[in-house]
Amino acid sequence: MFAVVVLEGAAKHCMSFKCTEEKFAELIEQDGIDPAPYSARYHWVALERFNVVSERELKSLVRNSYDLVYEKLPKKTQAQFEQGNTKTVAPKVMRRDKVRR
């Protein structure tokens, strides 16, 4: 998982994603960007609105988040992605109403 987006329902944040330690420190200084609840210790930030950063910067930040998570995957899983054989490693979408508590 490299990003989380709230699709429906009321929430304080609309999107969260991982970033580097340096970028985390820089981003949380901006209005509308907070340390992500429960995952800030892993350098995740949460956006209150999508327009807190420009579309171009948001795309770059999400791509960087993907790269950070991808680098931590086992080499076998990385190879499956590179070969296009992602059936065994396809991401799952979790709906809030389906999550057990």
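Three aromatic pairs are counted in this structure, which is a predicted model. In one of these pairs, the rings of Phe2 and Tyr66 meet edge-to-face, with a centre-to-centre distance of 5.2 Å and an angle of 90° between the planes. Phe2 belongs to the segment before strand S1 (3-5), whereas Tyr66 belongs to helix H2 (residues 55-72), so the contact between their rings ties together parts of the chain that are 64 residues apart in sequence. Phe2 is partly exposed, its relative accessible area being 31%, and Tyr66 likewise counts as partly exposed, with a relative accessibility of 27%.

Tyr66 also pairs with Tyr70, and here the ring centres lie 5.9 Å apart while the planes are inclined at 20°, so this pair is stacked, given that planes under 30 degrees apart are classed in that way. Both tyrosines are located in helix H2, where, being four residues apart, Tyr66 and Tyr70 are separated by about one helical turn. Tyr70 is buried, because its relative accessible area of 17% falls under the 20% cut-off that defines this class.

Taken together, the ring pairs link Phe2, Tyr66, Tyr70 and Phe81 into a cluster. Within this cluster, Tyr66 takes part both in the edge-to-face pair with Phe2 and in the stacked pair with Tyr70.

Note on methods. Residues are numbered from 1 along each chain as its sequence is written. This is a predicted model: local features need pLDDT of at least 70, side-chain atom pairs count only at pLDDT 80 or more; totals for chains, interfaces and linings use all residues. Side-chain values use heavy atoms; hydrogens and water are left out. Rings of Phe, Tyr and Trp (its six-membered ring) pair if their centres lie within 6.5 Å; planes under 30 degrees apart count as stacked, over 60 as edge-to-face and the rest as tilted. Helices (H or I, at least four residues) and strands (E, at least two) are DSSP runs, numbered from the N terminus. Buried means under 20% relative accessible area, exposed over 50%, partly exposed in between (1.4 Å probe, protein chains only).
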